[in-house]
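Trainee: Hi, I just opened this one and could use a hand finding my way around. Can we go through it together?
Mentor: Sure, pull it up and ask away.
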Amino acid sequence: MAIADRHGLPVIEDAAQAHGARCQGRRVGQFGQIACFSFYPSKNLGAYGEGGALITNDASIAQRARSLRDHAQSEKYLHGEIGYNYRMDSFQGAVLAIKLKHLDEWNTARIDCARHYTESLKDSSYKLPADISDSECVWHCYVIETPQRDRVRAALQDVGIQSAVHYPVPVHLQQAYADLDYQSGDLPVTEALCKHCLSLPIYPELSKEKISRVASVLLDLENR
Ligand SMILES: Cc1ncc(COP(=O)(O)O)c(C=O)c1O
């Protein structure tokens, strides 16, 4: 925000994985002009299909967003500009309204899961997610880093434990952005993370026993 203030830039918060998270004591979504939340089914607050929301304190942005989501109709069958069909099903709204009541409790369970992973793996060579003291992460993912990522992933898969890679190909090397002309090696930190990161299973109902089992597979592998 300090950088944006200095240069007069608007800030859009990508809070797609951060429903309920806190930064310096404040819930995310309060920092920028707009914050975006994803309700993709796997998210901390997920619909039963597609959904998402933007929040803002700026009345003119709110009004424009409401208009654009409905083909920019100013009144029925009148369109002042070209908009989109971004209307969320009311069914998804109903599901989200019910699930929202459980969000804090589910986030607390995720925080407990993350704590248990960290405790179980703290003496290992795996690089664990940083603990940021003045923030509260809601652990949409628990991502470790290891140069042995593919080997670790295969070992987990061998005993029936799924893991995921968020994400294997960075944005600047996607075919979709080829016209920007980035080459492999241009963003070395990003590219190393894409090769080394591994998301371990995490969801509110995940038991301590299962987390210990994942950790023991990882620790065994270190000693081989
Ligand atoms: C950080 C982040 N931003 C944006 C998105 C996009 O959200 P959606 O799929 O609802 O458009 C995602 C979804 O995976 C995400 O994780």
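Trainee: Let's start with the ligand. How far is an oxygen atom of the ligand from an N or O atom in the side chain of Ser38?
Mentor: That distance is 2.6 Å, between the ligand oxygen and an N or O atom of the Ser38 side chain. Keep in mind as we go that this is a predicted model.
Trainee: Good to know. Which residues surround the ligand?
Mentor: Asp14, Ala16, Gln17, Ser38, Lys43 and Tyr167.
Trainee: What does Asp14 approach on the ligand with its polar side-chain atom?
Mentor: A nitrogen atom of the ligand, at 2.7 Å. Lys43 also has a polar side-chain atom 2.7 Å from the ligand, but there the partner is an oxygen atom.
Trainee: And Tyr167, where does that one sit?
Mentor: In the loop between α5 (149–158) and α6 (188–196). Look at the backbone there too: the peptide bond joining His166 and Tyr167 is cis, with omega at about 10 degrees.
Trainee: Switching topic. How is the protein divided into domains?
Mentor: Domain 1 covers 2–100 and domain 2 covers 103–222. Taken over C-alpha atoms, their centres are 27 Å apart.
Trainee: How many residues are in contact between the two?
Mentor: On the domain 1 side there are 16, and they meet 13 residues of domain 2. Together the domains bury about 1200 Å², with 46% of that on carbon and sulfur atoms.
Trainee: Which three residues of domain 1 supply more of its buried area than any other three?
Mentor: Gln17, Arg22 and Asn44, which supply 45% of what domain 1 buries against domain 2. You've met Gln17 already, as one of the residues around the ligand.
Trainee: And Arg22, what does it form a salt bridge with?
Mentor: With Glu136, where the closest N and O atoms are 3.6 Å apart.
Trainee: Why can side chains like that pair up?
Mentor: Because side chains of opposite charge can pair when their charged atoms come close.
Trainee: How many residues apart are Glu136 and Arg22 along the chain?
Mentor: They are 114 residues apart, with Glu136 in strand β8 (residues 135–136) and Arg22 in strand β2, so the pair links distant parts of the chain.
Trainee: How many salt bridges cross the interface of domain 1 and domain 2?
Mentor: Two cross it, while the count for the model comes to eight. Between the domains there are also eight residue pairs in polar contact.
Trainee: Which elements each supply at least two residues of the domain 1 side?
Mentor: Those are β2 (22–23) and α3 (90–100). By class, that side of domain 1 has five nonpolar, seven polar and four charged residues.
Trainee: Last one: what is the phi of Ala72?
Mentor: It is positive, about 55 degrees, although Ala72 is not a glycine. You'll find Ala72 in the loop between α2 (59–68) and β6 (73–75).

Definitions and conventions
Residues numbered from 1 in each chain as written. Predicted model: local features only at pLDDT ≥ 70, side-chain atom pairs only at ≥ 80, totals over all residues. Heavy atoms only, no water. Domains from an automatic or database assignment. Contact = heavy atoms within 4.5 Å. Buried area = accessible area lost by both parts, 1.4 Å probe. Salt bridge = Lys/Arg side-chain N within 4 Å of Asp/Glu carboxyl O. Polar contact = N/O pair within 3.5 Å; in protein donor to acceptor, adjacent residues only side chain to side chain. Helix = DSSP H or I, 4+ residues; strand = E, 2+ residues; numbered from the N terminus. Nonpolar A, V, L, I, M, F, W, Y, C, P; charged D, E, K, R; others polar. Near = heavy atom within 4 Å.
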